[in-house]
Each structure stands twice: as C-alpha cells, then as structure tokens.
Amino acid sequence: MSTAQHKIGSGFGAHSTAGDVLSGIDLSGKLAIVTGGYSGLGLETTRALTQAGARVVVPARRPDTAREALQGLDGVEVDALDLGDLESVRAFAERFLDSGRTVDFVIDNAGIMACPETRVGPGWEAQFATNHLGHFALVNRLWPALEPGGARVVSVSSGGHHLSGIRWDDVHWQQAYDKWAAYGQAKTANVLFAVHLDRLAKGSGVRAFALHPGAILTPLQRHMAKEEMVDRGWIDEDGTPLNPEGFKTPQQGAATQVWAATSPQLAGLGGLYLEDCEVAEPAPADGAMRGVKDWAIDPEQAARLWTLSAELTGVNAFAV
Ligand SMILES: NC(=O)c1ccc[n+]([C@@H]2O[C@H](COP(=O)([O-])OP(=O)(O)OC[C@H]3O[C@@H](n4cnc5c(N)ncnc54)[C@H](OP(=O)(O)O)[C@@H]3O)[C@@H](O)[C@H]2O)c1
C-alpha cells in the first residue's frame, strides 16, 4: 500500500483557516471552478480564493440561491449544474469549454450526506451518483481546459470514507440501503478518483488530491433528524452545538481544500489524501476515524472504479 501517506511538516493544522493557508499567495490571473461554492465549505472556499485574487466559477444546482449567497464577492460567476444529471454536467462543461478559458483549480466540493434512499438518472443511488459520478463526468469533460503543467483537481472526500469501501457487487445499493454506508462508499470513491486521476494526469503536470475537511456544522446535515444529532452529542434539544471545540468553523473547514488546490508545499506530489492541511497518515489499527483507509488508496481499486465510472457515465478523457 502507498507509503506516500505521511506528514510533510506543512506547519498548518486543524485550526488553520483558508485565509491562513493563502497568506502571501497571490492568485491573480488564476481561475477556479468550485462545485457547490455557495454553501458551507464551498462558500468559504470561494471567498478565500477570490480574496487572494482568483476568479471563481461556481456551478450551482440553485443558481439564484448561489447568486444571493455570493453577493458582494468580486470575481465570481455562477452557472447552472446539477451533478445528479449527466446532461446538465455535459451542458455546463460545454459552456465552459466554449468560453475558451483554462482552469487552474477544480474543487469537487459539492455533496450530499446520509439522505433517505433516493434514485437519480437510470436508478443510480443518489450519493454515489452526485458525490462521485457527477464529478467524474465533470472533470473528464473539463479535461481539455485543465491548465497543463499546473492545474490541480481537488476531490472533497470525508473521514466518512471509513464507513465503507466500494461495494463492488451492488454499488447502487439495490439491496439493504444504508444511508451512512452509502455515504461512506461515495466518499471512498472520491479518494479513489483522485488516486487514479493523478496517475493518468501527472504526465501532463496536472495533479489530484483528496481530503477530509474536518467536522463542520453546515447545511450538509440537512438529512439528519434533530434526534440523530442529539444522540451523537452534536447539539442539544434546542439545536445548540454541544461541543464547539469538536467542530471546525467553516473557514477552518475550507482550509484543507484551499491548501490542496494552491499550496506550493504540495508541488511534485499528487494522488494523496489530506486532512488538517497536511498529508494524512494511514488509518490507525484501533478503528479511530482518522487517516486514510487502505481501501481508499488502493491503485487497483482506483483503476477498477475508473473503468466502472467511465462505463456508467459514458465519459473518459483518457480512453485509448
Ligand atoms: N460539513 C462537514 O462536516 C463535512 C465533513 C466531511 C466532508 N464534508 C464534505 O464537504 C463537502 C461540502 O460540504 P458542506 O458541509 O459545505 O455542505 P453544504 O453546505 O450542504 O454544501 C454542499 C453543496 O453541494 C451542493 N450540491 C448538492 N447536491 C448537488 C447536486 N446534485 N448538484 C450540484 N450541487 C449539489 C449543494 O447545493 P444546494 O445547497 O443547492 O443543495 C451545496 O452547495 C461535501 O462534499 C461533504 O461531503 C463535509
């Protein structure tokens, strides 16, 4: 298994913010695409990147809501994109390619978590389809626009990937749907995607990373009943966070993805899983949900998932 998963001494940590990791970095002239860049971590990512001078395209399932959330930020464009609809992905990518621009950072940030069993497209499980397949199709379609010799693709995964590897015999959960295991599978897929993309793209100087942003109270928890959050000790009966130290702020939560996209400390690296603005260590044997599981960085599983995803979406920028 990969031995590249070890700390590099970034000097940043769990409390670092997106602003901290961009301190002294000028992103003028750079262009980013941040899916879901108008809510939670995505909003803070867009804010930090634009404040450092980058232009940010925010593909949004709800463009009007996105425009409202992003009011007052300079250098932002909103466009329509539903990751659960491959036609919408194709149309967005085509509009971007038609603009003739190149992109320096693609941050695959949008996601859904622990939703009730939901089917999209041809009956696909919604978390796998939205969190993984939609981003797979998006990045493959955008490939001609990725700045050669410098672009990075950042796949926002989660420590939730510990909950499940890829369920190869039933990726769409036709049997025994479990909302948390399905989230875990989708988040494992986010890591495997970065592992294989990096392998395919690094010859062009394009690198890919995956990451866990930390635990942050955002609208991501919309599918959790209040009782579930109370049972987990996250909030009290009134909805007040019980253990604020256990959660990052959205600015801290956005830091690792911004670091992944822009940090010179990661030059020459790729295909890695990051957390707390550092390269993560392998998951410990005691079952604690930190570090990266072997199943998420296994190159053979990454290649297998790539092949499956290309078959399902009908898109593969690297087909020979
Ligand atoms: N918050 C955490 O503690 C945490 C922990 C680990 C990992 N993460 C990961 O971090 C990422 C960002 O999460 P967040 O906490 O910032 O959640 P959030 O505030 O709910 O933001 C998620 C974004 O994804 C968008 N989205 C959902 N379905 C979409 C679709 N079909 N097409 C296009 N966009 C879609 C949402 O758009 P709408 O608002 O229009 O639905 C929203 O803008 C996710 O990938 C999540 O898995 C978060």
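This report walks through two strands, a nonpolar core and a ligand shell in a predicted model.

Residues are numbered from 1 along each chain as its sequence is written. Because the model is predicted, local features need pLDDT of at least 70 and side-chain atom pairs count only at pLDDT 80 or more, while totals for chains, interfaces and linings use all residues.

**Strand β1**

Strand β1 covers residues 31–34. Helices (H or I, at least four residues) and strands (E, at least two) are DSSP runs, numbered from the N terminus. L31 and I33 point one way from β1, and A32 and V34 point the other way. Each of these residues is buried, that is, 20 or more other C-beta atoms lie within 10 Å of its own, with C-beta atoms placed from the backbone. In a regular strand the side chains alternate between the two faces of the sheet.

The chain goes from β1 through helix α2 (residues 40–51) to β2, and this β-α-β crossover is right-handed. With the strands pointing away from the viewer, such a path from the first strand over the helix to the second runs clockwise.

**Strand β8**

All six residues of strand β8 (residues 207–212) are buried, so the strand is largely enclosed by the rest of the structure. R207, F209 and L211 point one way, whereas A208, A210 and H212 point the other. β7, α6 and β8 form a right-handed β-α-β unit.

**Strand pairings**

Two strands pair if DSSP finds at least two bridges between them.

| Pair | Sense | Bridges | Residues opposite each other |
|---|---|---|---|
| β1 and β2 (residues 55–60) | parallel | three | A32 and V56 |
| β1 and β4 (residues 105–108) | parallel | three | I33 and V106 |
| β7 (residues 152–156) and β8 | parallel | five | R152 and R207 |
| β8 and β9 (residues 272–275) | parallel | four | L211 and L274 |

**The core**

The largest nonpolar core has 95 residues. Such a core is a set of buried Ala, Val, Leu, Ile, Met, Phe, Trp, Tyr and Cys residues joined through C-beta atoms within 7 Å. A32, V58, V258 and Y273 have the most contacts inside it. Helix α6 (residues 179–201) gives the most to this core, with 11 residues.

A32 touches L49, A54, V56, D104, F105, I107 and A261, not counting residues up to four places away in sequence. Contact here means C-beta atoms, placed from the backbone, within 7 Å.

**The ligand shell**

The ligand has 29 residues around it, each with its C-beta atom within 6 Å. G36, G40, A110, G111 and L220 come nearest. Helix α2 provides the largest share of the shell, three residues.

How values were computed. Buried ≥ 20, exposed ≤ 12 C-beta atoms within 10 Å, placed from the backbone. Contact = placed C-beta atoms within 7 Å.
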